[in-house]
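Please take the sequence and the model together, and follow the chain from a single residue outward to the fold as a whole.

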Amino acid sequence: LKDWWLGSKTVHILLTGKTGVGKSSLVNSLVGDEVASEGHDLDPETMIVSPFKTQINGVEITVWDSPGLQDGTGNEGKYIEKMKRQEYDLVLYCCSMTDTRFGDDDAAAMVKLTNAFGKTFWENAVIVLTFANR
């Protein structure tokens, strides 16, 4: 990882996606500690964009947890504006593996992210399937 990043001091990773898809659980797995509060249903748990730091092989990693999109609160614009305050090296767009189809709500969330960040937002993005243990 260190050689790959060629001397960058910190790698910034944004986790985003719909409400209830396990973003905070993934933050905890990536950081290796229970640092992010996890929801246990579809009600929004994360209300602010929050950084959590760790080190892997001498590389500082900041994992940014974000509020869920398409949560029915009408606050997505505010959430996205807060996400835009930081530049990210990697974006993990989380989808629940238990969903049987890519739905309109995921498509709407992706359109909003694209409109806010531009098409280049997806150049360093990975779709992550969560809840594989269910």
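Is Asn-28 buried or exposed? In this predicted model, Asn-28 is buried, with a relative accessible area of 6%, a value that falls in this class because buried means under 20% relative accessible area. The residue belongs to helix 2, and once its neighbours within four places in sequence are set aside, Asn-28 is in contact with Asp-33, Glu-34, Val-35, Ala-36 and Glu-38.

From this residue one can step back to the overall architecture. The secondary structure of the protein comes to four helices and five strands, and, read from the N terminus on, these elements follow the order α-β-α-β-β-α-β-α-β. Of the 134 residues in the protein, 41% are buried, while the accessible surface comes to about 8000 Å², with 50% of that area belonging to carbon and sulfur atoms. Among the contacts in the protein with a separation of 6 or more, 65% are made by residues 24 or more positions apart.

Strand 3 offers two residues through which such contacts can be followed. Thr-62 lies in this strand, which spans residues 59-65, and Thr-62 is buried, its relative accessible area being 1%. Leaving aside neighbours within four places in sequence, its contacts are with Thr-10, Val-11, His-12 and Ile-13, and also with Pro-51, Phe-52 and Lys-53. Trp-64 lies in strand 3 as well, and at 14% relative accessibility Trp-64 counts as buried. With the neighbours within four places in sequence again left out, Trp-64 is in contact with His-12, Ile-13, Leu-14 and Leu-15, with Val-49, Ser-50 and Pro-51, and with Gln-86 and Tyr-88. Trp-64 and Tyr-88 are 24 residues apart in sequence, and their C-alpha atoms are 9.0 Å apart in space.

Helix 3, which covers residues 76-83, comes next. Its residues Glu-76, Tyr-79, Ile-80 and Met-83 are buried. These residues lie on the same side of helix 3, because they cover an arc of only 95° around the axis. The buried residues of the helix pack against strand 1 (10-17) and helix 4 (104-117).

One of these buried residues also takes part in a charged pair with helix 4. Side chains of opposite charge can pair when their charged atoms come close. Glu-76 forms a salt bridge with Lys-112, in which the closest N and O atoms are 2.4 Å apart. This pair links distant parts of the chain, since Glu-76 lies in helix 3 and Lys-112 in helix 4, 36 residues apart. The two partners fall in separate classes of accessibility: Glu-76, at 9%, counts as buried, whereas Lys-112, at 36%, counts as partly exposed.

The count of salt bridges comes to six, and another of them joins the side chains of Lys-18 and Asp-105, at 3.2 Å from N to O. Here too the pair links distant parts of the chain, with Lys-18 in the loop between strand 1 and helix 2 (23-31) and Asp-105 in helix 4, 87 residues apart. Lys-18 counts as buried at 11% relative accessibility, while Asp-105 counts as partly exposed at 32%. Both residues belong to a network of salt bridges in which Lys-18, Asp-99, Asp-105 and Asp-106 are linked. A further salt bridge is formed by Glu-81 and Lys-84, whose closest N and O atoms are 4.0 Å apart. In this pair Glu-81 counts as partly exposed at 45% relative accessibility, and Lys-84 is likewise partly exposed, with a relative accessible area of 37%.

The path through the structure ends with the C-terminal strands. Strand 4 (residues 90-96) and strand 5 (residues 125-130) pair in the parallel sense over six bridges. Between these two strands the chain passes through helix 4, and the resulting β-α-β crossover is right-handed. Within the pairing, Cys-94 stands opposite Val-128 in strand 5. Helix 4, the connecting element of this crossover, is also the helix that holds Asp-105 and Lys-112, and the buried residues of helix 3 pack against it.

Methods: Residues numbered from 1 in each chain as written. Predicted model: local features only at pLDDT ≥ 70, side-chain atom pairs only at ≥ 80, totals over all residues. Heavy atoms only, no water. Buried < 20%, exposed > 50% of the residue type's maximum accessible area, 1.4 Å probe, protein only. Contact = heavy atoms within 4.5 Å. Areas by Shrake-Rupley, 256 points an atom, 1.4 Å probe, with all protein chains shown as cover. Arc of directions from axis to C-beta. Pairing = 2+ DSSP bridges. Right-handed = clockwise from strand over helix to strand, strands pointing away.
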